[in-house]
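Dear colleague,

I am passing on the structure that follows, together with notes on what turned up when I went through it. Please read the notes with the structure open beside them.

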Amino acid sequence: MLELRSVSKKIQGRQVLRDVQLCLGRGEILCLAGPSGVGKTTLMEIAAGLQKPDKGEVRRKSARIGCALQDAPLLPWQSAVDNMDFFLSTWLESGDRLKMIPHWLERLGLKEAAGKKPSELSGGMKRRLSIACALALDPEILLLDEPLAFLDQHWQDRLMEEIATIHARRTTAILLISHQLEPIRSLGARIVEIHEAPVRLNLS
């Protein structure tokens with residue numbers, strides 16, 4: 001479903017990724033762990049198509065990619081429901097959006113916040129909103145950067161339940177970045193720890 005072949009990337013002259021090989025198949029779940037600043041988010045952005053590698057190739061066998069980065073951009077002048085509608089409009093027809101948006105707002109505890117702008121939401125609510133956008137696509141490739149950040153224990157548990165349900169279908173390739181490994185281990189995820197830049201991986 002997702003393959004990175006010999007991917008390398010420099011940012012401001014600093015080598016962040018070097019010859020990364022990664023292959024993630026349907027139904028597989030992989031978590032990258034390690035300190036901040038070593039290149040994990042850059043790798044995910046390249047996997048999502050948000051950045052281009054300097055060298056190498058990225059192959060995606062599906063265009064239906066759900067991605068929630070840690071600093072996911074939200075439109076500050078739009079409500080939560082309008083943010084979802086905007087981000088999903090590229091992929092879903094209006095009828096599908098009318099069904100999926102209220103469904104995921106309710107599942108992630110944002111029903112009462114549907115009319116609020118990002119400035120009126122807590123950090124955890126904004127995190128859940130960006131994840132709701134990713135999950136509403138019913139993605140075949142799911143990329144989540146620090147999905148548990150800013151969430152209290154209740155919502156960490158609820159989100160793990162949602163990811164476990166998706167993983168149990170064995171139809172989605174899931175790539176996670178997380179510092180909180182115990183909940184991720186409960187999913188049966190393969191965990192790869194990265195300790196320093198540049199990232200060198202051979203997970204083909």
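How many aromatic pairs does a search of the whole structure find? The search finds one aromatic pair. The rings of Phe86 and Phe87 have centres 5.3 Å apart and planes at 80°, so the pair is edge-to-face (rings of Phe, Tyr and Trp, the last by its six-membered ring, pair if their centres lie within 6.5 Å, and planes under 30 degrees apart count as stacked, over 60 as edge-to-face and the rest as tilted). Phe86 counts as partly exposed because its relative accessibility is 45%, and Phe87 is also partly exposed, with a relative accessible area of 29% (buried means under 20% relative accessible area, exposed over 50%, and partly exposed in between, with a 1.4 Å probe and protein chains only).

Before going on, please keep in mind that this is a predicted model, in which local features need pLDDT of at least 70 and side-chain atom pairs count only at pLDDT 80 or more, while totals for chains, interfaces and linings use all residues. Residues are numbered from 1 along each chain as its sequence is written, and side-chain values use heavy atoms, with hydrogens and water left out.

Turning to charge, the count comes to nine salt bridges, where a salt bridge is a side-chain nitrogen of Lys or Arg within 4 Å of a carboxyl oxygen of Asp or Glu. One of them joins the side chains of Glu3 and Arg5, at 2.9 Å from N to O, and Arg5 is partly exposed at 32% relative accessibility. Another is formed by Asp96 and Lys99, whose closest N and O atoms are 3.9 Å apart. Because Asp96 and Lys99 are three residues apart in helix α3 (residues 94-107), about one helical turn separates them; helices (H or I, at least four residues) and strands (E, at least two) are DSSP runs, numbered from the N terminus. Asp96 counts as partly exposed at 33% relative accessibility, whereas Lys99, at 57%, counts as exposed.

A further salt bridge is that of Arg107 with Glu162, with the closest N and O atoms 2.8 Å apart. This pair links distant parts of the chain, given that Arg107 is in helix α3 and Glu162 in helix α5, 55 residues apart. Arg107 is partly exposed at 35% relative accessibility, but its partner Glu162 is buried, with a relative accessible area of 6%.

The surface also carries a patch of positive charge, in which Lys10, Arg18, Lys55 and Arg200 gather. Patches are made of residues with over 30% relative accessible area and no salt bridge, like charges being joined within 9 Å and nonpolar side chains (Val, Leu, Ile, Met, Phe, Trp, Tyr) within 5 Å; Lys and Arg count as positive and Asp and Glu as negative, while His and the chain ends are not counted. The place of a charge is taken as NZ of Lys, CZ of Arg, CG of Asp or CD of Glu, and accessible areas come from the Shrake-Rupley method with a 1.4 Å probe, with only the protein chains shown counting as cover for residues. Within the patch, Arg18 belongs to strand β2 (residues 14-24) and is partly exposed at 35% relative accessibility.

Two backbone conformations may deserve a look. Ser6, in strand β1 (residues 2-11), has a positive phi of about 50° although it is not a glycine, and this serine is partly exposed at 32% relative accessibility. Arg170, in the loop between α5 (153-168) and β7 (173-177), has a phi near 60°, again a positive value in a residue other than glycine, and counts as partly exposed at 47% relative accessibility.

Some separations remain to be reported. Val199, in the loop between β8 (190-193) and β9 (202-203), is buried with a relative accessible area of 1%, and its C-alpha lies 6.3 Å from that of Gly39, although the two are 160 residues apart in sequence. Leu50, in the loop between α1 (40-48) and β4 (55-60), is exposed at 54% relative accessibility, and 27 Å separates its C-alpha from that of Thr165, 115 residues apart along the chain. Ala48, in helix α1, is buried with a relative accessible area of 18%; Ala48 and Leu24 are 24 residues apart in sequence and 13 Å apart in space, C-alpha to C-alpha.

With best wishes
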